[in-house]
Amino acid sequence: MAVTAEATRGSVDLDASLRDEIARHVREGEANRFRSRDQPFFDAPLVGVAAAGDELFRRYKTIIGDFHRTPEEIVPGAAAVVVWVLPIRRDTRIDNRREKLLPARSWAETRSFGEEFNVALRRRVEEWLRARGFGAVAPHVASDWRRLEATPVGIASTWSERHAAYAAGLGTFGLSDGLITPLGIAHRLGSVVTTAPLRPTSSATDRAGPRGHCGFYDGEACTACIARCPVGAITTAGHDKVKCAEYVDGTLKASLAGPWGTPVPGCGLCQTKVPCEERIPPRRKPSTRDQ
Ligand code: B12
């Protein structure tokens, strides 16, 4: 009994220290700052943990494809997946709300340089866990991570951070594919697989269902993201990833990367000026579509 209590206390301390470390890094990290002004790209993070053995990761082999890796395939002996949500600051979201065709420059800077901070944060969390004797790998920045262009589910990759976040109970998928969290859909995600015995923040019994927070599945009440997409990539049938990618990775990169000095401008119009931008929208009717 004493050993169990000790182990539990150890795990709680480890969880709390890791959360503090992530929050501190977001608050104080020099790289979490616009180059032109002393303001952070991201507000205080949400942090969650999925059990590495959660049955969802095995199901992702079917839902996404056999190429999508389980935590155990990434780190042998994996116990947990820590996932964070970096909410995009309000000023940037307000800038993007005004746009109809191109992303706001502050959004493009957040996509380009805020993501550099997110890469450094993934590295920082790996180092922090390894310094305490645990295995730790951030799959998205590992050398073997791959983006796949043509799979049965369209564009995908060997590790989806949104699916990891769903397993950690941090949010659910919207019609636009974006993850709707308690702090909304306008954010970036990061994740690290580890052997550290972190306490899961979600399980199969308490998850809202993959479409739980989206207003579209609420009796088709909400179609705001459909109207926001400048290239018609979102319809009632869902998100056309090829159309979206042609615009984001093709047109916008070609036209904005040079003039703005933002190598990856992004877009994110579907994540701003929508009811789920900064919160889970209140439900009008119970959902039937995700059953
Ligand atoms: C490839 C990629 C793209 C592609 C394809 C996007 C996609 N939907 O997969 C393109 C180029 C289109 C794209 C565009 C953008 N991207 Co992008 N992209 C990625 C990347 C690198 C991999 C995504 C991946 O592996 N997808 C896997 C496939 C299978 O996911 P999916 O098709 O959405 O999955 C659906 C099904 O699985 C379905 N489903 C069906 N049955 C079931 C059952 C269950 C139980 C569950 C759970 C799910 C499920 O749910 C999903 C939603 O429909 C990730 C980084 C990463 N490693 O995760 C970033 C990422 C997804 N992108 C991101 C962002 C922000 C964007 C942009 C807004 C650009 C920008 N930054 O301005 C746009 C628009 C995004 C959008 N509307 O989806 C963020 C998303 C954060 C958020 N707020 O949700 C990520 C996570 C990057 C990051 N680290 O933050 N992106």
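A residue counts as buried if 20 or more other C-beta atoms lie within 10 Å of its own, as exposed if 12 or fewer do, and as partly exposed in between. Keep that scale in mind for this predicted model, starting with Asp 177: it has 16 C-beta neighbours inside 10 Å, so it lands in the partly exposed class.

Asp 177 is worth a look for two other reasons. It sits in the loop between β6 (172-173) and β7 (179-180), and it is among the closest residues to the ligand. Its backbone is unusual too. Most residues other than glycine have a negative phi. Asp 177 is not a glycine, yet its phi is positive, at about 85°. Lys 273, in the segment after α8, does the same trick with a positive phi of about 55°.

Here are three partly exposed residues side by side.

| Residue | C-beta neighbours inside 10 Å | Class |
|---|---|---|
| Asp 177 | 16 | partly exposed |
| Lys 273 | 19 | partly exposed |
| Ala 257 | 15 | partly exposed |

**Around the ligand**

What surrounds the ligand? A shell of 36 residues does, and the closest of them are Ser 157, Ser 160, Asp 177, Arg 188 and Gly 266. The elements that supply two or more residues each are β5 (154-157), α6 (161-167), β8 (187-194) and α8 (241-260). Helix α8 is the top contributor, with five residues. By chemistry, the shell splits into 17 nonpolar, 11 polar and eight charged residues.

Ala 257 is part of that same helix, α8. If you skip its neighbours within four places in sequence, Ala 257 touches Thr 262, Pro 263 and Pro 265. Ala 257 also pairs up in space with a residue from far back in the chain: Ser 112 is 145 residues away in sequence, but the two C-alpha atoms are 9.5 Å apart.

**The core**

Now for the inside. The largest nonpolar core holds 74 residues, and those with the most contacts within it are Ala 50, Ala 80, Val 81, Val 82, Val 83, Ala 165 and Ala 168. Strand β2 (residues 80-87) provides the largest share of this core, seven residues. Ala 168 shows how separate stretches of sequence meet: beyond its neighbours within four places, it is in contact with Gly 48, Val 49, Ala 50, Val 81, Val 83, Thr 201 and Ser 202.

**A two-faced helix**

Which residues of α2 (residues 55-63) are buried? Leu 56, Phe 57 and Tyr 60 are. Looking down the axis of α2, these buried residues fall within an arc of 100°, so they line one face of the helix. An α-helix has 3.6 residues a turn, so residues three or four places apart point the same way. On the face of α2 turned away from the buried side you'll find the exposed residues Glu 55, Arg 58 and Thr 62. The cover over the buried residues of α2 includes α3 (71-74) and α6.

**The whole chain**

Stepping back, the chain has eight helices and 10 strands. Its radius of gyration is 19 Å, close to the 19 Å that the globule rule gives for 291 residues, so the chain is as compact as a globular protein of that length. The C-alpha atoms fill a box of roughly 60 × 45 × 35 Å along the principal axes. Of the 291 residues, 45% count as buried. Among contacts with a separation of 6 or more, 75% link residues 24 or more positions apart.

Methods
Residues are numbered from 1 along each chain as its sequence is written. This is a predicted model: local features need pLDDT of at least 70, side-chain atom pairs count only at pLDDT 80 or more; totals for chains, interfaces and linings use all residues. A nonpolar core is a set of buried Ala, Val, Leu, Ile, Met, Phe, Trp, Tyr and Cys residues joined through C-beta atoms within 7 Å. Helices (H or I, at least four residues) and strands (E, at least two) are DSSP runs, numbered from the N terminus. Two residues are in contact if their C-beta atoms, placed from the backbone, lie within 7 Å. A residue is near a molecule or strand if its C-beta atom, placed from the backbone, lies within 6 Å of it. Ala, Val, Leu, Ile, Met, Phe, Trp, Tyr, Cys and Pro count as nonpolar, Asp, Glu, Lys and Arg as charged, and the others, Gly among them, as polar. The radius of gyration is taken over C-alpha atoms; the globule rule is 2.2 Å times the number of residues to the power 0.38. The arc is that of the directions from the helix axis to the C-beta atoms.
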